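Me: I'm in my first year and still learning to read protein models. Could you take me through one part of this one slowly, and then show me what else is worth a look?

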Amino acid sequence: MLEVKGLTGGYHNKAVLDSVSFDVHKGELFGILGPNGSGKTTLLSMLSGVLDYKGGSVRISGRDLKDYSSKQLAQVIAVLPQHSSLAFSYTVKETVSLGRYAHQSGWFHSWSAEDESNVQRVMEQTGVADFQDLHFDRLSGGERQRVLLAQALAQEPEILFLDEPTNHLDLSYQKDLLDLMRKMAKEQKLTVISIFHDLNLAGLYCDRLMLLEKGRIQVVDVPNEVLQQERIQGVYHTTIEKHPHPALPKPQMFIVPEKHGQDTIPLEIDDSYLTVGFEMIQLKSPIPLRTMSSGVTGSGTGWHKYFVNRHVHHGYDCEDHHVEMADYLTTHGFEPQETVGMMTAVFLDTVASKLLRAEDFSVFIIVTAGVGNAIDASLADRHSWSSAPGTINTWIFVNGHLAEEAYIHSIVTATEAKVKALHDLHVMDKVTNTCATGTSTDSMLIAATQRGAKLQYAGTITPLGKLISRGVYDCTVEALTNNRKRIEEL
């Protein structure tokens, strides 16, 4: 659809773009990225015929851009600029209707039924039909942007150029606009080429991205390849972390503010932050900790300050235990969104905890353990689902800075240590009469202060893995031994 080869040029003999070459396919949503001064707007001006270029070529549908007359070009491309103003005070409908100029002919332009239908359709698509009789200069910045988008769509272009189209829009209208662009690209084969400052929106919506740096193309590829952490950090000269979108297979980039003052002081989570009661075990951290857990609340990954292991009776049954647990936490003064909450039928005074230190980091481990529903995972298919009391809840607090892979390593290492503890204590699966590997309702938490020593790995023979292995094994053995003694006393 669009072929660009060796495009070179700029303003007043000052080169901005240098040998830029790329293709855009029909029906593609193509994003242009780059820091300020990289040449994004200059490129868009050249592609739309507004700015002449010194070298190279631009071809649309196989025809050189310079071979189009102004009116012919207006029938093929439309532009939504970053900043727009009108010399006269038109109504919304009149403003949108200006987009039909390229399709009218003769000295006395007549307004046809097709023109009217087109204008009403694009106003509905962009959400401006309800105020079509209002004057453009009375609208908010976001409303004006949508009106000008409707004007561009009224041209019925084959290619739509957008210069930071979401700048003046709130979240809902950003989504609406980009959803519309994506829909028109897929269903009507409209080719959309847009400049983005927001890397995350570009990654969510674009089929491909082009990254410019100092007037040259750094890379053109699918979003996941363009939005590489090291590449973005190098081009934008700022600290970035890349993470997957929670609902879509799309990359998302997050800036990382510089830490200073209190944010850099190492913190050690230990038993001074722990309170053990009959009804709950709670740990209150002075700062949010980066967590990965299977808690009833706070599951998955997140940041949490409060950690609750709540005792429930053996026959506990609830239609929605997530809601019930959130209500329980709120009643006891905890904000559910800031709390990892777990449940256990185990008596809480049988808990075991241990602080283990290495040279520049430490680990605090807390375990409550019961094995009334002990299971051999390799023979789990012989069991039917039941809610027999049990549960081994394992909390691991790392006083250090965990890498992403270290969270997964920590879970694997802790699980191996737990299984070894059950084996050495001869905990049996009552159904299969084989050694149990855990219970059917076990939960685990890994929480890190993200301060101090950087810990990349937590496999069993790494420095961190050794502490986790020793601590989880010892605490599981102690907690199970305590629980057995408590049951015998009853």
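Reply: Let's start at the hairpin of β14 and β15, where six residues sit between the strands and G298 takes a positive phi near 75°. Keep in mind as we go that this is a predicted model.

Now follow the strands on either side of that turn. β14 covers residues 280–293, and β15 covers residues 300–311. The two run antiparallel and are joined by 10 bridges. To see one of these pairs, find K284: its bridge partner in β15 is Y306. If you wonder what holds such strands side by side, strands of a sheet pair through backbone hydrogen bonds, either parallel or antiparallel.

β14 has other partners too. Strand β13 (residues 274–276) pairs with β14 in the antiparallel sense, over three bridges. T275 is a handy marker here, as it stands opposite Q282 in β14. β13 and β14 also make a hairpin, this one with three residues between the strands. Then there is strand β25 (residues 443–448), which pairs with β14 in the antiparallel sense over four bridges. For that pairing, look at S293, whose bridge partner in β25 is L445.

So how many of the 14 residues of β14 are buried? The count is 11, so β14 is largely enclosed by the rest of the structure.

β14 also leads us to the largest pocket, which has a volume of about 1,000 Å³. Elements that give two or more residues to the lining of this pocket include β14, β15, β12 (251–255) and α11 (404–424). The most comes from β11, with four residues. In total 29 residues line the pocket, and E241, H243, R290, H401 and Q450 lie nearest its centre. As for how such a space gets found, rolling a probe the size of a water molecule over the atoms shows where empty space is left.

Next, try N399, which is found in strand β20 (residues 392–399). Is N399 buried or exposed? Its relative accessible area is 6%, and buried means under 20%, so N399 counts as buried. Its side chain reaches the backbone nitrogen of I269 at 2.6 Å. A polar contact of 2.8 Å also joins the side chains of N399 and S362. Leaving aside neighbours within four places in sequence, N399 is in contact with several residues, among them L267, F361, V363, T449 and R451.

Now for another sheet. This one is open, has six strands in the order β6-β7-β8-β3-β9-β10, and shows mixed pairing. Its edge strands are β6 (77–80) and β10 (216–221), each of which pairs on one side only. From one strand to the next, the twist averages 15°. Inside this sheet, strand β3 (residues 29–33) runs parallel to strand β9 (residues 208–213), with four bridges joining them. G31 has L209 as its bridge partner in β9. Helix α1 (residues 40–47) lies across β3, β6, β7, β8 and β9, and runs at about 155° to β7.

For a residue in a helix, go to L204, which has its place in α7 (residues 199–205). L204 is buried, with a relative accessible area of 19%. Setting aside its neighbours within four places in sequence, L204 is in contact with H245, L248, K250 and Q252. If you want a feel for distances, L204 and T91 are 113 residues apart in sequence and 34 Å apart in space, C-alpha to C-alpha.

Last, back to the backbone angle we began with. Most residues other than glycine have a negative phi, and most peptide bonds are trans. Against that background, check K214: it is not a glycine, yet it has a positive phi of about 55°. K214 is found in the loop between β9 and β10, and it is exposed, with a relative accessible area of 71%. H237 also has a positive phi of about 55° although it is not a glycine. It lies in the loop between α9 (229–236) and β11. H237 is exposed, with a relative accessible area of 65%.

Technical notes. Residues numbered from 1 in each chain as written. Predicted model: local features only at pLDDT ≥ 70, side-chain atom pairs only at ≥ 80, totals over all residues. Heavy atoms only, no water. Buried < 20%, exposed > 50% of the residue type's maximum accessible area, 1.4 Å probe, protein only. Pairing = 2+ DSSP bridges. Contact = heavy atoms within 4.5 Å. Polar contact = N/O pair within 3.5 Å; in protein donor to acceptor, adjacent residues only side chain to side chain. Axes fitted to C-alpha atoms, helices over the stretch in contact; angles between N-to-C directions. 1 Å grid on protein atoms, 1.4 Å probe; cavity = no way out; pocket = protein on both sides within 12 Å on 5 of 7 lines; lining within 4 Å. Points joined across faces, edges and corners; volume = space filled by probe spheres on them.
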